[in-house]
Amino acid sequence: LWIAHLVDNIASVRDNSAIALGNYMRAYKGEAVAKVKKILEDYLPKVKEQPIDSHLNQSMENTTIFGVAAKKLRDNDESL
């Protein structure tokens, strides 16, 4: 999964996959480093083929409210 996410259209997904692979190489060393190096040589050039910003699902509306946004709504609602 980390390898597939190296070419994801969302930059933060690519970033987190790279971090995970770095942790994997640090933990398993030797053979893991050689394996990941080969994969990176194949996958990283594909990133240049993608647009800078993700346009996938840009017409979708985010209707979820959670975390800080939900707390702010509750804090500002006098009926609560």
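This is a short talk about the predicted model of one protein chain, from its overall layout down to a few single residues.

Hi everyone, and thanks for having me. Please keep in mind throughout that we are looking at a predicted model.

Let's begin with the whole chain. How many helices and strands does the protein chain have? There are four helices and zero strands. If you walk along the sequence, the pattern reads α-α-α-α. The chain has 80 residues, and buried residues make up 14% of them. As for the surface, the chain exposes about 6800 Å², with carbon and sulfur atoms supplying 57% of that area.

Now, which parts of the chain touch each other? Take the contacts with a separation of 6 or more: 39% of these are between residues 24 or more positions apart. We will meet some pairs that are far apart in sequence as we go.

Let's spend some time on helix H3, which covers residues 30-47. H3 has 18 residues, and from its first C-alpha to its last it reaches 26 Å, close to the 26 Å expected at 1.5 Å a residue. Where does H3 bend? The bend is at Glu41, by about 35°, and a proline, Pro45, follows within four residues.

Which residues of H3 are buried? They are Ala32, Val36 and Ile39. These buried residues pack against two other helices, namely H1 (2-5) and H2 (11-28).

Just after Ile39 in the numbering comes Leu40, also in H3. Is Leu40 buried or exposed? It falls in the middle: its relative accessible area is 26%, so Leu40 counts as partly exposed, because that class runs between the 20% and 50% cut-offs. If we leave out residues up to four places away in sequence, Leu40 touches Leu6 and Pro45. You have already met Pro45 as the proline that follows the bend at Glu41. Leu6 is 34 residues away from Leu40 along the chain, yet the C-alpha atoms of the two are separated by 8.5 Å.

Staying in H3, we come to a salt bridge. The count for this model is one, and the partners are Asp42 and Lys38, whose side chains meet at 3.1 Å, N to O. Both residues lie in H3, four residues apart, which is about one turn of the helix. How accessible are the two partners? Asp42 is partly exposed, with a relative accessible area of 39%. Lys38, at 47%, counts as partly exposed too.

Next, let's step back to helix H2. The structure holds one aromatic pair. The rings of Tyr24 and Tyr28 have their centres 5.3 Å apart and their planes at 45°, so the pair is tilted. In case this is new to you, a pair of aromatic rings is described by the distance of the centres and the angle of the planes. Both tyrosines lie in H2, four residues apart, again about one turn of the helix. Their accessibility classes are worth a look: Tyr24 is partly exposed at 25% relative accessibility, whereas Tyr28 is exposed at 61%.

H2 also contains Ser17. Is Ser17 buried or exposed? With a relative accessibility of 3%, Ser17 counts as buried. What does it touch? Setting aside residues up to four places away in sequence, Ser17 touches Trp2, His5 and Leu6. Leu6 may sound familiar, as Leu40 touches it as well.

Between H2 and H3 there is a loop, and Lys29 is found there. The phi angle of Lys29 is near 50°, a positive value in a residue other than glycine. Lys29 counts as exposed, at 53% relative accessibility.

One last stop: Ala4, in helix H1. Ala4 counts as partly exposed, at 45% relative accessibility. How far apart are Ala4 and Tyr43 in sequence and in space? They are 39 residues apart in sequence and 8.7 Å apart in space, C-alpha to C-alpha.

To wrap up, here are some things to look for when you open the model. Find the bend at Glu41 in H3, then the salt bridge of Asp42 and Lys38. After that, move to H2 for the tilted pair of Tyr24 and Tyr28, and finish with Ser17, which is buried. Thanks for listening!

Technical notes:
Residues are numbered from 1 along each chain as its sequence is written. This is a predicted model: local features need pLDDT of at least 70, side-chain atom pairs count only at pLDDT 80 or more; totals for chains, interfaces and linings use all residues. Side-chain values use heavy atoms; hydrogens and water are left out. Buried means under 20% relative accessible area, exposed over 50%, partly exposed in between (1.4 Å probe, protein chains only). Contact means heavy atoms within 4.5 Å. Accessible areas come from the Shrake-Rupley method with a 1.4 Å probe; for residues, only the protein chains shown count as cover. The expected span of a helix is 1.5 Å times one less than its number of residues. The bend at a residue is the angle between axes fitted to the seven residues ending there and the seven starting there. Rings of Phe, Tyr and Trp (its six-membered ring) pair if their centres lie within 6.5 Å; planes under 30 degrees apart count as stacked, over 60 as edge-to-face and the rest as tilted. A salt bridge is a side-chain nitrogen of Lys or Arg within 4 Å of a carboxyl oxygen of Asp or Glu.
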